[in-house]
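Welcome! Take a look at the sequence and the 3D model, and keep both at hand while you work.

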Amino acid sequence: MTVIGSNRKWYSRSILVWTLSIFIISCSDKDDPAPPHVKGDLVEANYAGDNLATNLKIFIQFSGRDIDTDLFLYDVDIYRVVYKTSYKVDVIGASGLILLPRTPTPVPMISYQHGTIVEYAEAPSRQPVSSEQMVSYAALASMGFITVVPDYIGFGESQHIFHPYYVEEPTANAVLDMLMAARVLAETKQVSFNKKLFLAGYSQGGYATLAAHKAIEDNPSQDFELIASFPGAGGYDIKAMQEYFFGLQTYPDPYYLAYVGMSYQTYYEEEVLTPFFKAPYASKIPLLFNGTKSPAEIDGQLTLDVKDLVTDEILMDIDTDSKFQFLREKFQENSLVDWVPVAPVFMYHGDADITVPVQNSQTTYDRLITNGASPENLQLIALPGKDHNTAISPYIEDVVKKLDSLNP
């Protein structure tokens, strides 16, 4: 099993021991400066409310999901938190939710990575306590997990930064640094953490889950013990996703493609939109991703016809023309196919998914097995007849069962 560490640096206060007397006098009534924040620091935690186990049982009963309500044991306290993470060379503030079960028994931690959002109001930390999303997160905590839900960079506290959509490093950093902050909050609130860690997430959250798993195993230490991850329906092989898009005549959700283009242009500070998208879409896209428009509103300003959306040149020559080398390299660099997972990975995908095709999970699985991953620890679980939306419920149901079996 694999462990990760906080790399926390604590700085002692500076004390002047020798200087001019006038400088000593001028500074004598001032407090010493606070230590600088570093990655993983918990900056603030605001209590948002609670959710009782009895209410969670009722919610699950009426949800229609095949989940044993006897699993929900503990009342839950909910915190909206700000913590420090890294974005490029800077340490920035990011946000999310931490939900703590009320129990004196040492408990594990689970980080749940949410799917694609484009509206600032959809960030997990912005949801009311009574919302379906918040109740679902609380249900995980009620099972006896310190539950961590990152907003990701670009939402909540960091919404002034454009979200690095499907960029591996800042995605993984946002997750790992929040785990460190959650450990601190749990200790502060006298919730005992037993170091066992699980990761889960669906769609973009599946990608974020696998990126975090990879980062954990790339930088092992002793603060967390990774037991298993449960990525669902993510576009793990980004180059293969591009090839899938380019092979279609129409695609029902073109905002996904525009989102990646806008993300890569912003994060890498290279012009991507103009060579990638035809007019007028290349100039419209930056105005569409302003944090206030829904996916449907963005799709309504684009076109479902791939040949009308994407330039003829990139459609024909992306794999051969040197002017597209940057994009080819970044798609490959951010694909999660060139590593060997050690801790168990349970990959899920609906076999009728056309939003993110099941072939992407199959390709990723095959690459990881070829790289040396153990078939016993890496499983691809197909969800028969399920598309990108209808696969969510069976994904959640099976993850809950596996969490229960792996955490006796």
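The exercises below walk through a few parts of this predicted model, each with a worked solution.

**Exercise 1. Find out how strand β5 (residues 107-113) sits among its neighbours, and whether it is enclosed or open.**

Step 1. Begin with accessibility. A residue counts as buried when its relative accessible area is under 20%. Seven of the seven residues of β5 are buried, so the strand is largely enclosed by the rest of the structure.

Step 2. Now look for pairing partners. With strand β7 (residues 193-202), β5 forms six bridges in the parallel sense. One place to check this is Gln113, whose bridge partner in β7 is Gly201.

Step 3. Turn to strand β6 (residues 146-150). β5 and β6 also run parallel, joined by three bridges. Here you can look at Ile110, which has Thr147 as its bridge partner in β6.

Step 4. Finally, follow the chain through helix α3 (residues 132-142). Together, β5, α3 and β6 make a right-handed β-α-β unit.

**Exercise 2. Ser142 belongs to helix α3. Work out whether Ser142 is buried or exposed, and which residues it touches.**

Step 1. The relative accessible area of Ser142 is 0%, so this residue is buried.

Step 2. List its contacts, leaving out residues up to four places away in sequence: Ser142 touches Ala53, Leu56, Leu71, Phe72, Leu73, Tyr74 and Val76.

Step 3. Compare chain and space. Ser142 and Pro101 are 41 residues apart along the chain, and their C-alpha atoms are separated by 5.7 Å.

Step 4. For another pair, take Gln362 in helix α14 (residues 358-371). Gln362 and Leu100 are 262 residues apart along the chain, with 36 Å between their C-alpha atoms. Gln362 has a relative accessible area of 35%, so it is partly exposed.

**Exercise 3. Describe how helix α6 (residues 238-246) packs with helix α13 (residues 325-333).**

Step 1. Two packed helices are described by the angle between their axes and the distance between the axes. For α6 and α13, the angle is about 120 degrees and the axes are 7 Å apart. That angle makes α6 oblique to α13.

Step 2. Name the residues that meet. From α6 come Ile238, Lys239 and Gln242, and from α13 come Arg328, Phe331 and Gln332. Sorted by class, this contact has two nonpolar, two polar and two charged residues.

Step 3. Which residues of α13 are buried? They are Leu327, Arg328, Lys330 and Phe331. These buried residues pack against α6, and also against α7 (255-268), α8 (273-276) and α12 (312-317).

**Exercise 4. Place Ser229 and Asn407 in the model, and decide how each counts by accessibility.**

Step 1. Ser229 lies in strand β8 (residues 224-232). Its relative accessible area is 0%, so Ser229 is buried.

Step 2. Apart from residues up to four places away in sequence, Ser229 touches Leu199, Thr209, His213, Pro344, Val345 and Phe346.

Step 3. Asn407 is in the segment after α15 (392-406). With 16% relative accessibility, Asn407 counts as buried, since the cut-off is under 20%.

Step 4. Setting aside residues up to four places away in sequence once more, Asn407 touches Pro108, Phe145 and Phe198. You have met the strand of Pro108 before: β5 covers residues 107-113.

Notes. Residues numbered from 1 in each chain as written. Predicted model: local features only at pLDDT ≥ 70, side-chain atom pairs only at ≥ 80, totals over all residues. Heavy atoms only, no water. Buried < 20%, exposed > 50% of the residue type's maximum accessible area, 1.4 Å probe, protein only. Helix = DSSP H or I, 4+ residues; strand = E, 2+ residues; numbered from the N terminus. Pairing = 2+ DSSP bridges. Right-handed = clockwise from strand over helix to strand, strands pointing away. Contact = heavy atoms within 4.5 Å. Axes fitted to C-alpha atoms, helices over the stretch in contact; angles between N-to-C directions. Parallel < 35°, antiparallel > 145°, perpendicular 65-115°, else oblique. Nonpolar A, V, L, I, M, F, W, Y, C, P; charged D, E, K, R; others polar.
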